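Welcome! Have a look at the protein below, and then we will walk through its fold and its aromatic rings together.

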Amino acid sequence: MIARVWSARANQESLAAYLDHFNDDVLPSLKKCDGYVSALILTRELPEPAASDEPEANHEPALNGDLQDAGDPEYEHQYEIVVTTFWKSMEAIDAFAGADREEAVVATEAVAVLQSFDTRVRHYSVDAVDALEPFPPRL
């Protein structure tokens, strides 16, 4: 089994919009692909940049290179989104992704709501799986 991993960043409002898009549009499309197994989305709130006298240390750059000041009333909390899809084979991924399997497949609707996203994906071999509960759990 192959895991295909992609990540993006969003603010709280765009995170909700992206998750709706994923559930309403992406999942139904993936389920039609031969060799698709499952999908998993992980999210986390990113820490607000810490204030410091050193310019290099007082900002955590966003993926798109934007910098935001800590304590700035305009600062929007950012969330990292990690999407992992699982596939039976690289051939199944090729059928889904096209000639360049490392190129991210990002719908126009996602581009419109995300602050930044990977343009390339990473593929990993799934070498071990264990779960005390049925996995993935249904939400």
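Here is a short tour, from the whole chain to single ring pairs. Keep in mind that this is a predicted model. The protein chain has 139 residues, with three helices and five strands.

**The overall fold**
- Following the sequence from its start, you meet the elements in the pattern β-α-β-β-α-α-β-β.
- Of the contacts with a separation of 6 or more, 74% join residues that are 24 or more positions apart.

**Inside and surface**
- Buried residues account for 31% of the chain.
- The accessible surface is about 9100 Å², and carbon and sulfur atoms contribute 50% of that area.

**Aromatic pairs**
- The chain holds five aromatic pairs.
- One of them joins W6 and F117: their ring centres are 6.4 Å apart and their planes meet at 40°, so this pair is tilted.
- W6 belongs to strand 1 (residues 2–11) and F117 to strand 4 (residues 116–117), so the pair ties together parts 111 residues apart in sequence.
- W6 counts as buried because its relative accessibility is 9%, under the 20% cut-off.
- F117, with a relative accessible area of 27%, is partly exposed.
- Y36 and W87 make an edge-to-face pair, with 5.6 Å from centre to centre and 75° between the planes.
- Y36 sits in strand 2 (residues 36–45) and W87 in strand 3 (residues 78–87), so this pair links parts 51 residues apart in sequence.
- Y36 and W87 are both buried.

**An aromatic cluster**
- W6 and F117 appear again here, forming one aromatic cluster with Y18 and F22.

Technical notes:
Residues are numbered from 1 along each chain as its sequence is written. This is a predicted model: local features need pLDDT of at least 70, side-chain atom pairs count only at pLDDT 80 or more; totals for chains, interfaces and linings use all residues. Side-chain values use heavy atoms; hydrogens and water are left out. Helices (H or I, at least four residues) and strands (E, at least two) are DSSP runs, numbered from the N terminus. Buried means under 20% relative accessible area, exposed over 50%, partly exposed in between (1.4 Å probe, protein chains only). Contact means heavy atoms within 4.5 Å. Accessible areas come from the Shrake-Rupley method with a 1.4 Å probe; for residues, only the protein chains shown count as cover. Rings of Phe, Tyr and Trp (its six-membered ring) pair if their centres lie within 6.5 Å; planes under 30 degrees apart count as stacked, over 60 as edge-to-face and the rest as tilted.
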